[in-house]
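Student: I'm new to this one and a bit lost. Please pick a single part, give me a close look at it, and then work outward from there.

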Amino acid sequence: MTRRLWSRLSFGRQLTVMIAAVFLAGGAILILTQHVVLRSLLSEAVTVHNEQRDSAAEVSGQTPDDDAIVIQEHGPAWTHDTVVDEVLAGVQLWAGALLVALTVVAVVAAWLVSRQAIRRISAVTDTTNAITERDLSQRLNLPGPDDEIKRLGSAIDGMIARLEAAFTRQESFIANASHEFRTPLATARMALQIAIRQGRVSEEAVLEVREVLQANRRMEELVNDLLIVAQGRAHTELPDDPVDLIPLIARAMLEQAHAAEHANLTALISLPREPVLVTGSAPLLRSLITNLIANAVRHNVTDGFVRIRLEAEDAHARFCIENSGPCILDADTVERLTEPFQRGARSRIRNDDGSEAGTGLGLTLVESLTELHGGTLALEPRPAGGLSVRLSLPLA
């Protein structure tokens, strides 16, 4: 029980209690030692005094009067001496009061000392929490003497510098590789399309060529998604242009109209009449909204539904999108959906009905762009199947 209560205390309070306990224990030991030494010295002094008195009486031939005050009749038996006990009782009373007062002073001093130490640690914590993968340029640069805390700050600065270099190399590689992939993919697609239009492909090979074109288009989508993710992570500062979310939603729904109609999906859309403006990059926000809506349409069932609601409240734009789905998702699966190339239980290229399952980067891109714009993203499984997504972005 005591260990559990101790573990619940903060580091500063634990440090204060430990310092005060050490001081109290040291004071108690000092008082006990003082008591034993003082009692021994007083008893020895009383014994010597009685011996001198008896010797003086023998020399003068006088005997002590019965009514005279005798400090101690039997010198060695000092433990029952009244004078010694009275003196020690007074000393103990004052020593105890002084120990209590000094303990209070020690607790206050320990709190101030621990607060000063915790203040430097808190500065390390606050600055470290402010450093994210979006902005690795900050450093602690702790002032003060070259002590353990400063060395800890220097170690954290070195680690952040290495992380920044690694992130920069990774993002540069993704961006450069995406750009390099775009040109040959586009060239291959155009060559195949021209060959089909000009009739230079035999009827037996048309089906295979169209499958190659479809695979080529999926590769282009994958490259575009990777490029957007890399660009999003490379943006440390976004433009402060106001962007209306309503046209973005309308455009995304228009792009998905054919797929929704093919699956006979029912779209229920609730949009406010007034513009809903957020601050950020219009192309990146367009990709964010488009991927959410495309994900809801793609991972659906025939005769299913897609519900979209947008509203502005509490200085935030709330975008909610729900869709029916072919299976009931558990919480662990939903939590992993934002990881790259995760599609839940559908890890193949195509769904069971033959439709495309996507690249597996849609929700990864959505999460990345949401964090970039200072928003929050929440995914919840629907009890009847499908997914519920809630996106919140600060209003302009």
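Tutor: Let's start with E311, which counts as partly exposed at 29% relative accessibility. That label has fixed limits: buried is under 20% relative accessible area, exposed is over 50%, and partly exposed is in between, using a 1.4 Å probe and protein chains only. The areas themselves come from the Shrake-Rupley method with a 1.4 Å probe, and for residues only the protein chains shown count as cover.

Before we go on, keep in mind that you're looking at a predicted model, where local features need pLDDT of at least 70 and side-chain atom pairs count only at pLDDT 80 or more, while totals for chains, interfaces and linings use all residues. Residues are numbered from 1 along each chain as its sequence is written, and side-chain values use heavy atoms, with hydrogens and water left out.

Back to E311. What does E311 form with R309? The two make a salt bridge, and their closest N and O atoms are 3.9 Å apart. By salt bridge I mean a side-chain nitrogen of Lys or Arg within 4 Å of a carboxyl oxygen of Asp or Glu. The partner, R309, is partly exposed too, with a relative accessible area of 36%.

Move along to E313, and you'll meet another pair: its side chain and that of R318 form a salt bridge of 3.9 Å, N to O. E313 is partly exposed at 36%, and R318 is partly exposed at 23%.

In a whole-structure search, six salt bridges turn up. One more that's worth finding is R390 with E380, at 3.3 Å from N to O. This pair links distant parts of the chain: R390 sits in strand β7 (residues 387–394) and E380 in strand β6 (residues 376–381), ten residues apart. R390 is partly exposed at 37%, and E380 is partly exposed at 40%. When I say strand or helix, I mean DSSP runs numbered from the N terminus: helices are H or I with at least four residues, and strands are E with at least two.

Now for the loops around β4 and β5. D314 lies in the loop between those two strands, and its phi is positive, about 55°, although D314 is not a glycine. D314 counts as exposed, at 61% relative accessibility. Another Asp with a positive phi is D303, where the value is near 65°. Look for D303 in the loop between α8 (282–298) and β4 (305–313); its relative accessibility of 54% makes it exposed.

S324 is another story. Is S324 buried or exposed? It counts as buried, at 9% relative accessibility. Its place is the loop between β5 (316–323) and α9. The side chain of S324 meets that of N300 in a polar contact of 2.4 Å, and it also reaches the backbone nitrogen of F305 at 3.0 Å. A polar contact here is a pair of N or O atoms within 3.5 Å; within protein, one must be able to donate a hydrogen and the other to accept it, and residues adjacent in sequence count only if both atoms are side-chain atoms.

Follow the chain on into helix α9 (residues 331–335), and you'll come to E335. E335 is exposed, with a relative accessible area of 59%. Which residues gather with E335 in a patch of negative charge on the surface? They are D330, D332 and E339. Patches are made of residues with over 30% relative accessible area and no salt bridge, joining like charges within 9 Å and nonpolar side chains (Val, Leu, Ile, Met, Phe, Trp, Tyr) within 5 Å. For charges, Lys and Arg count as positive and Asp and Glu as negative, while His and the chain ends are not counted. The place of a charge is taken as NZ of Lys, CZ of Arg, CG of Asp or CD of Glu.

There's a nonpolar patch on the surface as well, formed by V100, V104, V108, W111 and L112, with about 470 Å² of accessible area together. L112 belongs to helix α3 (residues 82–130) and is partly exposed at 46%.

Finally, try two pairs that are separated in sequence. N176, in helix α4 (residues 148–197), is 51 residues from L227 in sequence and 8.6 Å from it in space, C-alpha to C-alpha. R217, in helix α5 (residues 203–234), is 32 residues from L185 in sequence, with 8.3 Å between their C-alpha atoms.
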